[in-house]
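Colleague: I should like to learn how to read helix packing and backbone angles in a structure. May we work through one case together?

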Amino acid sequence: MIEIFFNSPHEAETVHNMLDHERDKWKAEIVRIKEHGIQIESNDPGEMINVLLIPVIVRYILKYKESHLMLSILKDKFFFQEPEEQQQIIHIAEAIIEGERSEIPNVDQLPQRETPIYEALADFIRPNLSFALPSFIKFRLHQYVERLYKYIEVAIEEYKLEQEYQTFIQSLRDYAMNRETKVNVLHIVHEKELTVYNEHFAELSQDELMKYIDRSFIHQHPMYIDASLLAPLVSIAPNKIHLYTDSPDFGMIRTIQNIFLERVNIYPRKMAGI
């Protein structure tokens, strides 16, 4: 028999339901006790612990406790107190965990989170044991929390980069909105590179584009601006940009959209007609 206690009846009910969903496979008897606890009995406790209880607790921690642990790390170790910042950083960390931010350098080298939880549970749980899961998490999952710490570090760095990028984009947007337009309409065709054409679809050479650059603004700007395309575009400040591409999520295309907003129209590459 094993007894596990939780912080609340709701948490006990959640784990009870997770175990109950699997119990027919392992012939375990699972009942609620003392409102915030569960009791598990099996004729083969060793098998039940290894194939039922430990996997379910690991899933429970990852699904229901991990975000709370990351929030504690953010507040207590990195001193992020603003709820909006906390939410954004945790969202980035969760996206990294789900494999949705593979473009971030070295995320594939971050350590697995599940392994230390499995190992700690395997070392701890045995037949005829009664314990509180919150205490187990607090005192026996230091390795797991250290691995979460690494995910949070990467998420914070990415968050700061994104904030800098947004500031950068906003400054370029403000500049382009307030600058006198030099060419009313531009066409940009995206093949291997992005080629700029005037309103008559005559290609603008790199030398021609460079002549438009406002050097004083570029020199004063705190971040690097692509001199071959982005600097000429914001200096020209066109009223309309027709952009032809088969890859609308390409980085520079997204940047142009973010700066010029409703001034940009996106079309399939074939509509350029060249």
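Modeller: Certainly. In this predicted model, helix α6 passes helix α10 in a right-handed crossing.

Colleague: How is such a pair of helices described in general?

Modeller: Two packed helices are described by the angle between their axes together with the distance between those axes. Here α6, residues 142-178, packs against α10, residues 251-260, at an angle of about 55 degrees, and their axes lie 8 Å apart. That angle makes α6 oblique to α10, because angles from 65 to 115 degrees would count as roughly perpendicular and those under 35 as roughly parallel.

Colleague: Which residues in α6 and α10 meet?

Modeller: From α6, the residues are Y165, I169, L172, R173 and A176; they meet T255, N258, I259 and F260 of α10. Sorted by class, this contact of α6 with α10 has six nonpolar residues, two polar residues and one charged residue.

Colleague: Let us turn to the backbone. What sign of phi do most residues other than glycine have?

Modeller: Most of them have a negative phi. Two residues here deserve inspection on that account. N106 is not a glycine, yet has a positive phi of about 70 degrees. N106 is placed in the loop between α3 (83-97) and α4 (114-124). F201, also not a glycine, has a positive phi of about 65 degrees.

Colleague: Where is F201 found, and how exposed is F201?

Modeller: F201 is in the loop that lies between β6 (194-197) and α7 (206-211). Its relative accessibility is 26%, so F201 counts as partly exposed; buried would require under 20%.

Terms used:
Residues numbered from 1 in each chain as written. Predicted model: local features only at pLDDT ≥ 70, side-chain atom pairs only at ≥ 80, totals over all residues. Heavy atoms only, no water. Axes fitted to C-alpha atoms, helices over the stretch in contact; angles between N-to-C directions. Helix = DSSP H or I, 4+ residues; strand = E, 2+ residues; numbered from the N terminus. Parallel < 35°, antiparallel > 145°, perpendicular 65-115°, else oblique. Left-handed = near helix turned anticlockwise from the far one by under 90°. Contact = heavy atoms within 4.5 Å. Nonpolar A, V, L, I, M, F, W, Y, C, P; charged D, E, K, R; others polar. Buried < 20%, exposed > 50% of the residue type's maximum accessible area, 1.4 Å probe, protein only.
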